[in-house]
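Here's a quick briefing to read with the model open beside you. Take it one topic at a time, and find each residue as you go.

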Amino acid sequence: MARARGKDSLGPAQKGQRRYKVVHVFTEGRVTEPQYIDIVRGKPADTGVEVRIANATVPGSQRKPITLVEAAARLLREETRAAKKAGLDKKLWPEVWCLFDRDQHQQIPDAFKLAKEAGVEVAFSHPCFELWRLLHHKPVHGSFGGVCGEAVRQLPFSGSPGQSST
């Protein structure tokens with residue numbers, strides 16, 4: 001496989017280094033979703049993908065689906081422009097994702113429409129994202145009825161009494 005060289009958001013490739021595809025992820029949550037991405041992303045050397053949490057550009061109080069998608073669209077335009085200018089192979093061009101849930105957001109259809117128009121990918125999750133994390137560790141029965149703290153309490157690394165930490 002040919003190694004791409006040039007500049008992108010990772011900086012210039014060093015001689016003999018492999019160039020990785022960059023995937024930026026904007027998350028609605030400040031803690032749970034970025035932790036989940038950290039758990040599942042793997043190492044670039046194994047996956048060929050460098051995953052970056054892009055939340056720093058969106059203040060926590062403004063992390064609504066529409067504002068995440070707007071920031072993601074801007075970043076995708078900038079990163080794509082830089083990839084073209086650097087002459088990167090198209091398969092190494094960046095991807096930008098937004099991860100958010102339904103909650104009480106009013107502009108979900110607008111966020112999906114803007115994402116589609118801008119080429120931003122969307123991962124739309126259950127309102128209790130912690131439930132998805134819990135399902136990686138053990139079977140879950142019943143309904144949490146909007147009480148996400150119960151899912152967090154059952155996570156094996158939550159630090160709650162009676163729970164093991166990993």
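Phe112 is partly exposed, because its relative accessible area of 32% falls between the under-20% cut-off for buried and the over-50% cut-off for exposed. Keep in mind that you're looking at a predicted model. Phe112 also has a partner, so let's start there.

**The aromatic pair**
- Searching the whole structure turns up 1 aromatic pair.
- The ring centres of Phe100 and Phe112 are 6.0 Å apart and the planes sit at 70 degrees, so this pair counts as edge-to-face.
- The two partners come from distant parts of the chain: Phe100 belongs to strand β3 (residues 95-101) and Phe112 to helix α4 (residues 108-118), 12 residues apart.
- If you wonder why both a distance and an angle are quoted, it's because a pair of aromatic rings is described by the distance of the centres and the angle of the planes.
- Is Phe100 buried or exposed? Phe100 counts as buried, because its relative accessibility is 0%.

**The chain as a whole**
- How many helices and strands does the chain have? There are 6 helices and 4 strands.
- Starting at the N terminus, you'd read the elements as β-α-α-β-α-β-α-β-α-α.
- The chain has 166 residues, and 39% of them are buried.

**Helix α1 and what follows**
- Helix α1 covers residues 32-40, and its buried residues are Thr32, Glu33, Pro34, Tyr36 and Ile37.
- Now look just after α1: Gly42 has a positive phi there, about 75 degrees.

**Helix α3 and the positive patch**
- Which residues gather in a patch of positive charge on the surface? They're Arg74, Arg77, Arg81, Lys84 and Lys90.
- One of these, Arg81, sits in helix α3, which spans residues 65-86.
- Arg81 counts as exposed because its relative accessibility is 53%, and the cut-off for exposed is over 50%.
- A handy rule for reading helices: an α-helix has 3.6 residues a turn, so residues three or four places apart point the same way.
- Ala82 is found in helix α3 too.
- Ala82 is partly exposed, since its relative accessible area comes to 33%.
- Try finding Trp93 from Ala82: they're 11 residues apart along the chain, and 9.1 Å separates their C-alpha atoms.

Technical notes. Residues numbered from 1 in each chain as written. Predicted model: local features only at pLDDT ≥ 70, side-chain atom pairs only at ≥ 80, totals over all residues. Heavy atoms only, no water. Patch = residues over 30% accessible without salt bridge, like charges linked within 9 Å, V, L, I, M, F, W, Y side chains within 5 Å. Areas by Shrake-Rupley, 256 points an atom, 1.4 Å probe, with all protein chains shown as cover. Salt bridge = Lys/Arg side-chain N within 4 Å of Asp/Glu carboxyl O. Lys, Arg positive; Asp, Glu negative; His and termini not counted. Charge placed at Lys NZ, Arg CZ, Asp CG, Glu CD. Helix = DSSP H or I, 4+ residues; strand = E, 2+ residues; numbered from the N terminus. Buried < 20%, exposed > 50% of the residue type's maximum accessible area, 1.4 Å probe, protein only. Phe/Tyr/Trp six-rings, centres within 6.5 Å; stacked < 30°, edge-to-face > 60°.
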